[in-house]
Each structure stands twice: as structure tokens, then as C-alpha cells.
Amino acid sequence: MFAVARQSALRQARTQLRISQPTIVHQSALARLLSTLAVLEQRDGKLSVPSLSTVAAGQKLGGSVTAFVAGGGAKAVADEAAKAEGIEKVVYVENGAYDRGLPENWAPLLVENIKKGGFTHVVAPHGAFGKSLMPRVAALLDTQQISDVTGIESEDTFVRPIYAGNAILTVQSTDSTKVLTVRGTAFAAPKTEGGSAAVEEGVDPNVESPTEWVSEDLAKSDRPDLASAEKVVSGGRGLKSKEEFDRLMPPLADALGAAIGASRAAVDSGFADNSLQVGQTGKNVAPQLYLCAGISGAIQHLAGMKDSKVIAAINKDPEAPIFQVADVGLVGDLFQKVPELTEKLQKQ
Amino acid sequence: MNPFDELSIEEAVRLRERKLPVEEIVTVTAGPAKSQDILRTAMAMGADKGIHVQIDDKEPQLEPLGVAKLLKAVVEQQKSNLVILGKQAIDDDAAQTGQMLAGLLGWSQATQASKVVVEGDVVTVTKEVDGGVETLKAKLPMIITTDLRLNEPRYASLPNIMKAKKKPLEKKTLKDFEGLDLKQRLKTVKVTEPPPREGGVKVEDVDGMISKLKELGAL
């Protein structure tokens, strides 16, 4: 409560000082008090809209928000990002060396731009890119990062889940530069139209990465992205085989316009790709609807989906822990219930 | 032992079993006296030596940045050229230490590894990323953090548990690492329970499920 009061007092002080003492020294000194660098992701010259959740987090912190993007074609991505609401400025570094998101050259790049801009906060999404990059940045800045932030109480006080989401930790940072990775589902990305941020070129230290990118193998899918989908259907060990998983889950997902997820048991048994795993060591999702079949509901799985708005579960075991969190539970054989559900949804 | 750390030890031992020139496998931990049990387990799995940095309950807790600084000192002292860590500890779920250590040392890093191939001084790592896998190549020295699918850790056999009791275990304290800024940067304001979900309803059939989902606005 005090933290919130302090934040609003600070904001108020800034506004008043801007009006009453428009001296440049004061203004810049105060603006420096709170300014966020929001690291955006891009792929093949396309802005990752879910990564704009960093901008939403930056706005909650209270200061100005500068977005950052780097890679080949970064200028075009910056122009696109400049239209998003809530961004004051977009800094871009146009250099194909940053396309693969290698932390070895990205970390010095970010550090240079953070120092140049005098940012008090640096925010990146808590995805594969942010997770591998930001701790390296934090170490170079000698600051203790705060990972997977789900709530911002004030400019120095943050909320994050620990113990697989079984406890919620509120921490206060004493570091002068705060490095955060944020959970995308906890901060809704701003509108991508209506903004008009300035676009500016950043500094490029051009550090060569000792690590070489060789190849990638991404699961191709026309379905919505799992981490940001409105609806998710998820299958577990109860599906018994990859054949059954592929037979039952995609039609259900298509009927709902949903992304497909899986439990660790289903992934380990080879029913589904690793990248579909929902849970403590996989993805965190918080869709409007999480519909799962054949998932018992181990705590590691619940960690990744229990913030979903509505949880529906089909399981033959009436005692399965999943029913303790499900808003709608159906006890029954999924091999019979899932096709029936798919058929009835298709008819609607 | 943190499950991801078991994967780290297993991978180190497997590198040696693949007849790669692994001179020594050193396992290190920082924490209270009972963390020595963890080191003994690691040695029973195949590590050669343990280093225990004893931290009393009264001393401030080490944060990932502090652990990374401590590990940097150990790495330099032991002249290691490959450090394998878990991708995250399942208590604080921070997932930072390996990357921080790589940054402090200025080494290559490969996080969330699901496959590691070493040829000479070139390491090829397949890592788990959003939507699939990515393969990276780097020269030693480097830092690798392990993901669940890297390997299946072995159980320590009884004879190996007995042998592990005779393996060397170096005991150190934070006083042995003077000059490192290990002070805590984060203050715990509070730890709370997550808001419980309200108990849901069980429905009789598929039609019941559809109508309930509609009622809840999910369809």
C-alpha cells in the first residue's frame, strides 16, 4: 500500500515539476528517475505482438517507455512498433548479426544501449529469448534480475510465482537498474494502432559472438501460438498414443480455434512435440478457456495453466486432482467424449 | 538434488563414458551443512570431487548473481572449461545462474540443452526454444544448462555410494571468497498463497459441458 502511494506521489511530483519548473535540467533529471527499456522480439522482420507485453509492464512501472528492437530489417520493425500505444520512442539497431538472438552479442548490445539511455528498468518477455539473454545482461550490469514477473506493485516491488506457482513472492529490489522478465499472460499487450513513437537508431557495439547459430527445427502450425492463444486444448497420458493424440486433439482444436498443448507425460511418451508442453518446465498459458483431456493434474502441470479463466476437464478418474481446479468437469472416457464434443462444437 | 542438476551430473559422467578426455568432474554446491549429502550423491553418480561452500542459516541467502560470482571464482580456481548447470532450480524458478556465469566469464552459453555433442574442443548443443529446437555450435570454454530431455539420470548403486564416501570433499566458507560482492539485492516483502480457484461443477455429459462453458462465457 505504501509502495503504491509512493509511486503515485512520484508521478504527481514529476507532473507538477514539469509544469511549474520547465527547466531542462530538472526535467531530464526527473525523467531519468523512471524510464523503461522494453525489449521487443522480431522474427524475419516481423514484430512479435505478444512481446509488446513488455510495454504494458513498462507503463505499469510509471515512467516513459522506450522499445528496443535489433536485427536485419529492424528499422521496418521499429516503424511497426512505433504505432503501438504507450511507447515514447523506439530504438533500433539494424544488423543481421542479431537475427538469431544470440546472448553473446545481444548482451553487450543491450548493455551499451541501457547505459546510453540511462534506463532505470529493462523489461523482456520471459520466453526462450528473454530467459537466455537477460540474466547475462543483468550480470554484466551487476544487478539481480527478477524473473517471470506477474505483478508490479511499484517501481521497485514486484510479484512473481515460486515453487511451481504454489507460492507468490513479493520482492523489493535495491538495485539501481532493475532487470525484469515478465510473464506475457499477466500483462496484456497494448493496441498496435494509434501510437506515434519517435524512431531512433541505437548504438551498435558490434561484438562478435563466439557462439555460432547452426540450425533450427520449429514445429510448423497454422494454429494460434500456444503462449498467447485465447483457447487451448490440451492432451495428456490418457490419450495413450501419438496416433490417438493426432486423431482426437487437432479436430477439437480446430472446432474451437484453439492452440494445442500437452502434459509432460504426453510429451515424454512422444505423443506431442516438446514445444507444446504446458507446465512448470514448459509454457505458461492463461487463456480464456483451457480444455484438457486425459490429464490428471500434477502440480507441475497446474503451474502452467491454473491462471486460465475457465478450465474444463475430461477424465475417467473422478478423483483426478484436475477436477479440484476445473470449473467444468466431465467424468468419462475421453475416446468417446472428445469426438462427441468435437462434433457438437462443429455443428454450432 | 534439484532434478535439473541431476541431469547436469549425468551428462558430465556420460561425456566421460563416451571416451571423451574428461580430466576431472568437480561438483560444487553452496548451502547449509546438509548440502554435503547432495555432493555425495553426485559423487556416487560419478563425479570425482566435491566442493562445499558452507553457508550458515544466519548468513544472508545467496541470490543467483551471488552464486554466479562464487562459481566464477571456483571455475577459475579449478581451471574448468565446461560448466553444466540445471536450467532452473525448482524452488525459486529463477533460471538465471548459468547465463549470469557465462556473462561474468565472457564464455559461450547454451541454455535448455536437450542434446550435447563434443568433438575436440567444439561443442554442438541442441536447445529447446519456443516452438521447437535450435542448434548452436561453440568452442570450449562454455556454459551449458540442462533441460529435462537431455538424459535420464542414473541411480547411484550401493557400491558407488560407498565409494563416494571416500572421494575428496573440500570444505570452504564465504570467507575463502573475499573480494566478491555477494550482498543480497532483493528483499522479500511477503510470501503468500496463490488465490485458490473456486470449486467447479461436474457435469453429466457433453451437452452439459457445452452449456456450462457457454454460461461461463468461454464459448
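This report walks through some features of a predicted two-chain model, from its aromatic rings to the build of chain B.

## Aromatic rings in chain A

Let's start with the rings. Counting over all chains, the structure has three aromatic pairs. In one of them, Tyr98(A) meets Trp106(A) with ring centres 6.0 Å apart and planes at 75°, so this is an edge-to-face pair. Tyr98(A) and Trp106(A) are both buried.

Trp106(A) also pairs with Phe129(A): here the centres are 5.0 Å apart and the planes sit at 80°, which again makes the pair edge-to-face, because an angle over 60 degrees counts as such. This pair ties together distant parts of the chain, with Trp106(A) in helix α5 (residues 103–117) of chain A and Phe129(A) in helix α6 (residues 128–140) of chain A, 23 residues apart. Both partners, Trp106(A) and Phe129(A), are buried. Add Phe68(A) and you have the full group: Phe68(A), Tyr98(A), Trp106(A) and Phe129(A) make up one aromatic cluster.

## Charges over rings

Two rings in chain A have a charged side chain over them. The charged end of Arg100(A) sits over the Trp213(A) ring, 3.6 Å from its centre. The other case brings in both chains: Lys202(B) lies over the face of Phe323(A), 4.7 Å from the ring centre.

## The annotated domains

An unreviewed UniProt entry gives residues 36–217 of chain A the annotation "domain: Electron transfer flavoprotein alpha/beta-subunit N-terminal". Over that stretch of chain A, the chain is 25% helix and 35% strand, with the end C-alpha atoms 33 Å apart.

For chain B, UniProt (again an unreviewed entry) lists "domain: Electron transfer flavoprotein alpha/beta-subunit N-terminal" at residues 1–181. Residues 1–181 of chain B come out at 31% helix and 30% strand, and the end C-alpha atoms are 27 Å apart.

## A loop residue in chain A

Ala189(A) is in the loop between β11 (178–182) and β12 (198–201) of chain A. Buried or partly exposed, how does Ala189(A) count? Its relative accessibility is 36%, so Ala189(A) counts as partly exposed.

Leaving out residues up to four places away in sequence, Ala189(A) touches Val49(A), Leu52(A) and Ser53(A). Take Ser53(A): it is 136 residues from Ala189(A) in sequence, yet the two C-alpha atoms are 4.2 Å apart in space.

## Chain B as a whole

Chain B has six helices and 10 strands. Its radius of gyration is 21 Å, whereas a compact globule of 219 residues would have one near 17 Å. Along the principal axes, the C-alpha trace of chain B spans about 65 × 45 × 40 Å.

Of the 219 residues in chain B, 48% count as buried. Look at contacts in chain B between residues at least 6 apart in sequence, and 66% of them join residues at least 24 apart. The chain exposes about 11,100 Å², with carbon and sulfur atoms supplying 51% of that.

## Helix α6 of chain B

Helix α6 (residues 206–215) of chain B has several buried residues: Val206(B), Gly208(B), Met209(B), Ile210(B), Lys212(B) and Leu213(B). So what covers the buried residues of α6(B)? From chain A, the cover includes β16 (289–293), β17 (310–315), β18 (328–331) and α11 (334–346). Chain B adds β10 (201–203) to the cover.

After α6(B) comes Gly217(B), with a positive phi near 80°.

Terms used:
Residues numbered from 1 in each chain as written. Chains lettered and ligands numbered in written order. Predicted model: local features only at pLDDT ≥ 70, side-chain atom pairs only at ≥ 80, totals over all residues. Heavy atoms only, no water. Phe/Tyr/Trp six-rings, centres within 6.5 Å; stacked < 30°, edge-to-face > 60°. Buried < 20%, exposed > 50% of the residue type's maximum accessible area, 1.4 Å probe, protein only. Helix = DSSP H or I, 4+ residues; strand = E, 2+ residues; numbered from the N terminus. Lys NZ or Arg CZ within 6 Å of the ring centre and 35° of its normal. UniProt positions renumbered as here; feature names shortened; annotations may be inferred. Rg over C-alpha atoms; globule rule 2.2 N^0.38 Å. Contact = heavy atoms within 4.5 Å. Areas by Shrake-Rupley, 256 points an atom, 1.4 Å probe, with all protein chains shown as cover.
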